Amino acid sequence: MELTAKPREHGFDEARLERIRKWAGGYVDCGKLPCAMTVIARHGDIVFTDLQGYADTEVGEAITFDHRFRIFSMTKPITAAAAMGLVEEGRLRLDDPVSRYIPAFADTRVLAHRDADIDDTVAMTSPMTIHQLLNHTSGLTYGFFDPESPLAERYQSLDLDMNPNGTPLDEWANDLASVPLAFQPGERWNYGVSTDLLGRIIEIIEERPLSDVLQERFFDPLGMMRTGFAVSRADASTLASLYKVTSKGGMSLMDPGATSGFIAPVTRHHGGGGLVSVAEDYLKFTEMLRRGGELNGVRILSPHSVRLMTSNNLGGDLESMGQPKFGESNFRGIGFGLGMAVVLDPARAHLMTSPGEYFWGGAASTVFWVDPLQDMVVLFLTQLYPSSTYPLREELRALVSQAIVE
């Protein structure tokens, strides 16, 4: 990936930008990250790139911009954007009940209280809606959040968490409907499989697999030709290996690229976390958002849809919705839109960024953000699980912000 403008032409101090390389190299050189890829674009031009480390540390294979990354939850904004496309066409309404598309959810129960037994449930006081799937107030969760709880045990026993080789989405969704919700829909914010369920609803409306929908609506028109739910066996060598942190702060191999579960065929298309992509492709998606739904003359979404997605869709910040912290990040002064978070108050959030910045990350420590005030996109890719291991996102924000001098 080549620079398309000099940093100083777009208000960056080049010496200060070099601090990013030193920062990323520090993580890679001491064995805390397998690789670190940073891309900064401003006013539509790429002004900084940095690439360090390995796609496979065992064999010493250097990382390149052609390597594919598991972007996990950075899939969510793409699925949310696909849903908004259906809203624009009048085929989906944000206030539609989920049960309109998947009748089994009409009978889904709710845990009587946070510490209730799995069979201690009550009826929903109001139906779960599409809007609640988009902003994670649906009552759904992830089983791996609290592996000792009865709810988590049910998620795990039914294989409801991320598994590209699990049952197809139609079977998965019906299994999910049989599990109690963690709380009443709309009551609070909780991260979970909401966007995966939204992906199944998109399939039902479109009458085809989610992979085909995303290919037609995003990947083909934006030229995201190396993004998808699976990597072909012919391209298996381009998938970077995934590592997990060890108890001593090092890394161990978690999912080798060559034999990964993301190598085709994949049987379950997780709209909440199943995509594999390259930096160039994901930058095109974020640039489309920055430009209000259009890129290179191709209109994907209306500016109204992008504004709604990137505005706070909660009654307050995430702390007021019961989520003061998530992973390594403080959620005071942070709201949530449709598929991604929004910075409401940088001072309250203790972040060096602009109000109105929207962002999200993935479980392998990846992140993107778009800063409309600075007219800037930042993308960071690596492959270390979990994302809460190091404060990479907060540190990178500070490093990028301190380099902007105009």
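The protein chain exposes about 15600 Å², and carbon and sulfur atoms supply 49% of that area. Keep in mind that you're looking at a predicted model. Inside, buried residues make up 59% of the 406 residues in the chain. Here's a quick tour, from the whole fold down to a handful of single residues.

**The whole chain**

- The protein chain has eleven helices and 19 strands.
- Its radius of gyration is 20 Å, close to the 22 Å that the globule rule gives for 406 residues, so the chain is as compact as a globular protein of that length.
- If you want a feel for the dimensions, the C-alpha atoms fill a box of roughly 60 × 45 × 40 Å along the principal axes.
- Take the contacts with a separation of 6 or more: 68% of them are between residues 24 or more positions apart.
- On the charge side, there are 36 positive and 53 negative charges, and their mean positions sit 4 Å apart.

**The nonpolar cores**

- As a bit of background, nonpolar side chains tend to be buried together in soluble globular proteins.
- Here, the largest nonpolar core has 124 residues, and Ile40, Leu197, Phe218 and Trp360 are those with the most contacts inside it.
- Helix H2 (residues 76-88) gives the most to this core, chipping in seven residues.
- Another core lies apart from it, with nine residues, among them Phe72, Ala236, Leu242 and Phe262.
- Back in the largest core, tryptophan 360 has plenty of company: leaving aside neighbours within four places in sequence, its contacts include Trp189, Tyr191, Phe326, Phe331, Phe336 and Phe368.
- Tryptophan 360 is also in contact with Ser73, Met74 and Lys76, among others.

**Around strand S16**

- Phenylalanine 359 is part of strand S16, and with a relative accessible area of 10% it is buried.
- Among the residues it touches, not counting those up to four places away in sequence, are Ile334, Val342, Val343, Trp369 and Arg397.
- The C-alpha atom of phenylalanine 359 is 12 Å from that of glutamate 394, which is 35 residues away along the chain.
- Alanine 364 comes in the loop between strand S16 (358-361) and strand S17 (367-371).
- Loop or not, alanine 364 is buried, with a relative accessible area of 0%.
- Along the chain, alanine 364 and serine 73 are 291 residues apart, yet their C-alpha atoms are separated by 9.0 Å.
- Beyond its neighbours within four places in sequence, alanine 364 is in contact with Arg70, Phe72, Leu242, Thr382, Gln383, Leu384 and Tyr385.

**A buried arginine**

- Arginine 188 sits in the loop between helix H5 (169-177) and helix H6 (194-206).
- Is it buried or exposed? Arginine 188 has 12% relative accessibility, and under 20% counts as buried, so it belongs with the buried residues.
- Setting aside residues up to four places away in sequence, arginine 188 touches Arg114, His136, Thr137, Ala182, Phe183 and Met321.
- One of these partners, threonine 137, is 51 residues away along the chain, with 5.5 Å between the two C-alpha atoms.

**Backbone oddities**

- For context, most residues other than glycine have a negative phi, and most peptide bonds are trans.
- Phenylalanine 72 has a positive phi, near 45°.
- You'll find phenylalanine 72 in the loop between strand S4 (69-70) and H2, where it is buried at 11% relative accessible area.
- Glutamate 207 has a positive phi too, near 60°.
- Glutamate 207 lies in the loop between H6 and helix H7 (210-222), and it is exposed, with a relative accessible area of 72%.
- Which residues does a cis peptide bond with omega of about 0° join? Alanine 264 and proline 265 are linked that way.
- Proline 265 is in the loop between strand S8 (251-255) and strand S9 (276-277).
- The peptide bond from tyrosine 385 to proline 386 is cis as well, with omega near 0°.
- Proline 386 falls in the loop between strand S19 (384-385) and helix H11 (392-403).
- Two names here tie back to alanine 364, which is in contact with both Phe72 and Tyr385.

How values were computed
Residues numbered from 1 in each chain as written. Predicted model: local features only at pLDDT ≥ 70, side-chain atom pairs only at ≥ 80, totals over all residues. Heavy atoms only, no water. Helix = DSSP H or I, 4+ residues; strand = E, 2+ residues; numbered from the N terminus. Rg over C-alpha atoms; globule rule 2.2 N^0.38 Å. Buried < 20%, exposed > 50% of the residue type's maximum accessible area, 1.4 Å probe, protein only. Contact = heavy atoms within 4.5 Å. Areas by Shrake-Rupley, 256 points an atom, 1.4 Å probe, with all protein chains shown as cover. Lys, Arg positive; Asp, Glu negative; His and termini not counted. Charge placed at Lys NZ, Arg CZ, Asp CG, Glu CD. Core = buried A, V, L, I, M, F, W, Y, C linked by side-chain atoms within 4.5 Å.
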